[in-house]
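Let's take a walk through this one, starting from the inside and working outwards. Here it is.

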Amino acid sequence: MYWNSELETIDRKSLQELQLARLNRALEAASRTSYYKKFFEDAGVDVSKVKTLEHLQDLPFTVKNDLRLSYPDGMVAVPKRDIVRMHASSGTTGKSTVIYYTRHDLDEWAGIVARGIVATGTTADDVFQNMMGYGLFTGGLGLHYGAEKVGCFVIPASSGNTLKQIQFFQDFGTTVIHITPSYSLHLVEVIREQGIDPHSLTLKKAYLGAEPYSEATRDRIQDLYGIQAYNSYGLSEMNGPGVAFECIHKNGMHLWEDFYIAEIIDPVTGKQLPDGEEGELVLTHINREAMPVIRYRTRDLTRFIPGPCPCGRTHRRIERIKGRTDDMMILGGVNVFPSQIETVLMNTPEVGNNYQLILERVSNLDKLHIRVELNSSMFHGDLKELDALRKKIGEQLRALITINPRIELLEPGSLPPSMGKAQRVIDNRKI
Ligand code: ADP
Ligand code: ZN
């Protein structure tokens, strides 16, 4: 089932023609903005010379700091009266940045979100509870309008207020939720504490996104709730959620290439990598009037999954995001991403649903300290068993990622629960 079968199954050649036409339009719009005008001049590039998609590589990258420098409206390409909404990034890694939308932009955005929703088999018969924060964050309103377009019954629950969320599940028969993976892991514990079996609820699906998480975490969430979980990717610079979404095959996320030109680059050299290799995702928004963003370095690490998808959509799929380039930790000379540690933890049944990674510097060496909650059925204080478990996790981490962290096992509920994007890594090295 498609939302827009013509565009979702467009042949690659026509897609590339469409991309080029839209790219030229976006570049022209960008050149009208005060920020990009100077940006391109300083880089000595003439965007009118971009005649093929390959020429895009001659243009400089836009980075998060450019969005900050252009604050508040240096990248706006339309008269102010045509702008109907703004959002701002959540500022996970510093000062937030502002994004603008015209009515066309909002409508088109809702359209690609609807594509993703429909690709997972959701219909107007579904009750969609949106548990992402509403407001400046794009996760709330972004999915909201897409789900309304599909015709779902939409509950704009926002995040937090956990008991009320559970009440809504029961009162309105919620079938689909949109939630961060970390919040879903907290929520399921609260559901159980209420004496409710999560499997007895009407829930069928979850859309999980806004933060990196491992395949093992997806599996765990699916088992705990007895639902299907789909990966959803986006970032405010590129509208927000909806940039890429999994279909029912759950094998990578279709990135809507009629909206975004995607490149995978080597984060160090900035050069494009051959298809299928892992690197940093770079996106050019080619379907936003209010604010074109050219070759934006997302800092998110992924790769294109080669080959066609059985669903028939022709838009390429990206693999689950491994993390941001700046999430990488170097431990004893080994490069480690939190998602790799998470895989080991979430594959250990005795481990609970919450953990924290603490980085410390001890006599000039980086040390990792993992604080992890136990599964409540495990926690009965048998010291021998706990010791054995600590050893088992330690061995796995050594075998799989050759690191040797200190592991602390905690009582369930001891770590602060996440209601939105979880803060997994606490870096004490900079103090
Ligand atoms: P901020 O950059 O301040 O966190 P956003 O709210 O725009 O602002 O967050 C977008 C970022 O969230 C992405 O660049 C990516 O790092 C992360 N993200 C979003 N969806 C996913 C996902 N499905 N998997 C992994 N990371 C994700
Ligand atoms: Zn597919």
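## Inside the core

Leu255 has plenty of company: setting aside neighbours within four places in sequence, Leu255 is in contact (heavy atoms within 4.5 Å) with Val243, Ala244, Tyr260, Ala262, Leu281, Leu283, His315, Arg316 and Ile318. Leu255 is also one of the four residues, with Tyr233, Leu283 and Ile318, that touch the most other members of the largest nonpolar core, which has 62 residues. Helix α5 (residues 103-119) is the top contributor to this core, giving seven residues. A separate core of 25 residues includes Ala216, Tyr355, Leu359 and Ile407.

For the terms, a nonpolar core is a set of buried Ala, Val, Leu, Ile, Met, Phe, Trp, Tyr and Cys residues joined through side-chain atoms within 4.5 Å. Buried means under 20% relative accessible area, exposed means over 50%, and partly exposed is in between (1.4 Å probe, protein chains only). Helices (H or I, at least four residues) and strands (E, at least two) are DSSP runs, numbered from the N terminus.

## How the model is read

This is a predicted model, where local features need pLDDT of at least 70 and side-chain atom pairs count only at pLDDT 80 or more, while totals for chains, interfaces and linings use all residues. Residues are numbered from 1 along each chain as its sequence is written, chains are lettered from A and ligands numbered from 1 in the order in which they are written, and side-chain values use heavy atoms, with hydrogens and water left out.

## Charged pairs

The whole structure holds 27 salt bridges, each a side-chain nitrogen of Lys or Arg within 4 Å of a carboxyl oxygen of Asp or Glu. Lys149 and Asp107 make one of them, at 3.0 Å from N to O. Lys149 sits in helix α6 (residues 138-150) and Asp107 in helix α5, so this pair ties together parts that are 42 residues apart in sequence.

Glu41 and Lys37 pair up too, with their closest N and O atoms 3.5 Å apart. These two are four residues apart in helix α3 (residues 34-43), so about one helical turn separates them. Glu41 is exposed at 52%, while Lys37 is partly exposed at 46%.

Arg429 and Asp427 form another bridge, with closest N and O atoms 2.7 Å apart. Elsewhere, shared partners link Arg12, Glu257, Asp275 and Arg316 into one salt-bridge network.

## Backbone oddities

The Tyr71 to Pro72 peptide bond is cis, with omega near 0°, and Pro72 belongs to the loop between α4 (64-69) and β1 (83-88). Asn161 is not a glycine, yet has a positive phi of about 55°.
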